[in-house]
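Q: Please take a close look at one part of this model, namely the strands and how they pair. I would also like to see how the surroundings of that part are made up.

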Number of protein chains: 2
Amino acid sequence: MSKVKLQDIADKAGVSMMTVSRVMNNDPKVGAKTREKVSKIAKEMQYKPNIAARHLASSKSFFIGLVCDYANSSYVNKFLVGGLRKCRTTGYHIILDETTGDRDKTLATIKDLIEVTKVNGVILLPPVSNIPEVVDLLESANVDFVRIAPDINLTASPYICIDDYQAAFDVTEQLILNGHSRIAHIIGSPNQGASRMRYQGYLDALRSNQKMVPPEYIEQGDFTYKSGLDAAKRLLELPNKPDAIFAANDEMAAAVVSVAHMKHLDVPEDVSIVGFDDTQLATTIWPNLSTVTQPLEKMAELAIDIFTSPKKNKTFKVSNMRHVLEYKVQLRDSSKNNVKIT
Amino acid sequence: MSKVKLQDIADKAGVSMMTVSRVMNNDPKVGAKTREKVSKIAKEMQYKPNIAARHLASSKSFFIGLVCDYANSSYVNKFLVGGLRKCRTTGYHIILDETTGDRDKTLATIKDLIEVTKVNGVILLPPVSNIPEVVDLLESANVDFVRIAPDINLTASPYICIDDYQAAFDVTEQLILNGHSRIAHIIGSPNQGASRMRYQGYLDALRSNQKMVPPEYIEQGDFTYKSGLDAAKRLLELPNKPDAIFAANDEMAAAVVSVAHMKHLDVPEDVSIVGFDDTQLATTIWPNLSTVTQPLEKMAELAIDIFTSPKKNKTFKVSNMRHVLEYKVQLRDSSKNNVKIT
DNA sequence: CAAAATATTGTTAGCGCTAACATTTTAGCG
DNA sequence: CGCTAAAATGTTAGCGCTAACAATATTTTG
């Protein structure tokens, strides 16, 4: 058991405990020589800081609340694992908070997160990132928070997202380039900005390529496999059925693949299918899903970085507010991919 | 922000801080009247204990290390979410630890878990639960640990599992009852006891029903989708191909479904497929997987309970060592299910 | 070269809680 | 009732670390 404490190092190095503390925390006000000597000794003695003591003395908790609506989705899972990995190296800890719908309970649970767990910061995953009351609560409690793919009140907190509109535009255009003209779309949850953005990107890509969108090609889903199943059934029973379906996430796209199989349609020969997110699921079904890769793990890391990094005057720098990460259109086997851009 | 501390309650109740502390920790040595009065006041004042202070004073960390080899599997995900849920209500925290293969690195990372993070306990998921060096390390460091589905050194720690043998026996028998006689099996990772148990259960079910198992019906997988793909391809290209395939987990079963689709085989008409675990994946593909439901969430909760519950003389009670939970054979659409037990 | 400005290091005082022991109260019993 | 055992409560002393300020060394500057 490591019982090396600051004092031990201080004694060995012939300096005060405080100096050692400063070295450990990268405080700039330490002489170069001292710093080097101290950190060498610390390493030799295998010093490991005591998180609890640090927390108690500094009133920082090193806890980060991760609020989502339902933790069992492949989206949340991917984000979660990324976050947990980052935690492992930073000494932070994630408290998972599932809010399952009820608005009041959501608020209560977040309040609890702040008061009991004394989280250092809160990460809001969609759709919670778009609940005004939650944003208000966090603001008035003066708790730092980062939102993923928010849609409202964009100046309230730093946020991380990808360009959902452009990504949807790109996949749709890719579909067109590959020879599709009857492209349907399954919209995501209506309470998420990303759903709207993706829908709009899809629409605009078609429009800018002079393609018609019959209204029956637009289905409303809610990001669940189940909703994708229903939507896909309607879509693939249409008299003039689409030759490509773009679902707003992988789970719904997987459902479309399922329905295609049920109806003995060949994917992608009879119908191309693309998803969105590139979660584990995309490569655990056949055919592997063409999709948009969201760097969810990186987003999780970045979110935690934002809490970790020192802030100017108790508030976030404006330049740190907005993080739009790169996505990647990932073409796999569920969409026709033979026709190249001419 | 709750700033109510023990002293505040003590003042209000006219008792000492220590008495309040005892009430908060359910120490039996407090008079009934006092206990009631104090807890009433604490509730009124919305007292929330400071975890860090408690940790520092008691040298308990309230952290639990969860060690797995690869966090992105649906198995780990399901367990993780269950654990995180439990944590939310107990004030414990999970530190996720991925060990990705390398034996030395595994040991180093667990050592770090003990020394730096000062975890209160460690949960070992398979296959890590079966690495002798890890068990030794934990034992010699005198850290409490719980193993999930261990195979070796069963007295070293409490463990939680299901009866893999019987479950495999049951599904296989179910397959036979449903009219199958050419039943193949894809074995899981060779370094996991559960793989052996499931394999044996499968074998014995066939034997006790006087069914032959041609050697080419046995494929070695490693619990990954990829390995399932390879195995399924070989199986379904056999001249005398099986009419049912029992894969040792859902991921590999999903792969079998994929290959069946590739080969335009109808599931379950041409080939019945069953998996094991009942992870999210089982109901996110078509047809939904017949499988064995493992209560992974419950297992996670139980594991944490074991750390939480008070222990006799610094060690686990023998009666608490072994927890065999109930499984359930979950018949869905990927297996023929029309023939009932006669 | 001394005074002032700056950089570096040290001192003091807790953070909020609990273990361990000390003390008081209550119960038990002849 | 007095006296002891047991139960209930209180006191003391930190856990290991860091803020805030104090003190000292070093540099800069007129």
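A: What follows goes through the sheet strand by strand and then turns to the contact between chains and to the DNA.

The model is a predicted one, and the description starts with chain A, where 6 strands form an open sheet in the order β2-β1-β3-β4-β5-β11 with parallel pairing. At the edges of this sheet stand β2 (93–98) and β11 (322–325) of chain A, and because each has a single partner strand, one side of each is left without a neighbour in the sheet. From one strand to the next, the twist averages 20°. In general terms, strands of a sheet pair through backbone hydrogen bonds, and the pairing can be either parallel or antiparallel.

Within the sheet of chain A, strand β4 (residues 144–148) and strand β5 (residues 159–162) are joined in the parallel sense over 2 bridges, and Arg147(A) has Tyr159(A) of β5(A) standing opposite.

In chain B, strand β4 (residues 144–148) pairs with β5(B), again in the parallel sense and over 2 bridges, with Ile160(B) in β5(B) as the bridge partner of Ile148(B). Strand β5(B) also pairs with strand β11 (residues 322–325) of chain B, in the parallel sense over 4 bridges, and here the bridge partner of Tyr159(B) is Arg322(B) in β11(B). Both faces of strand β5 (residues 159–162) of chain B are covered, since Tyr159(B) and Cys161(B) on one side are buried, as are Ile160(B) and Ile162(B) on the other.

The edge strand β2 of chain A leads on to the contact between the chains, in which 32 residues of chain A touch 32 residues of chain B. On the side of chain A that touches chain B, at least two residues each are supplied by α4, α5 (74–90), β2 and α11 (250–262) of chain A. The residues of that side divide into 16 nonpolar, 9 polar and 7 charged.

Helix α4 of chain A leads in turn to DNA strand D, which is surrounded by 25 residues, the closest being Lys5(A), Ser21(A), Ala57(A), Ser16(B) and Gly31(B). Two or more residues of the surface near this strand are given by each of α2 (17–24) and α4 (51–58) of chain A, together with α2 (17–24) and α4 (51–58) of chain B. The largest share, 5 residues, comes from α4(A), and the surface near DNA strand D as a whole divides into 14 nonpolar, 8 polar and 3 charged residues.

Technical notes
Residues numbered from 1 in each chain as written. Chains lettered and ligands numbered in written order. Predicted model: local features only at pLDDT ≥ 70, side-chain atom pairs only at ≥ 80, totals over all residues. Near = placed C-beta within 6 Å. Nonpolar A, V, L, I, M, F, W, Y, C, P; charged D, E, K, R; others polar. Pairing = 2+ DSSP bridges. Axes fitted to C-alpha atoms, helices over the stretch in contact; angles between N-to-C directions. Contact = placed C-beta atoms within 7 Å. Buried ≥ 20, exposed ≤ 12 C-beta atoms within 10 Å, placed from the backbone.
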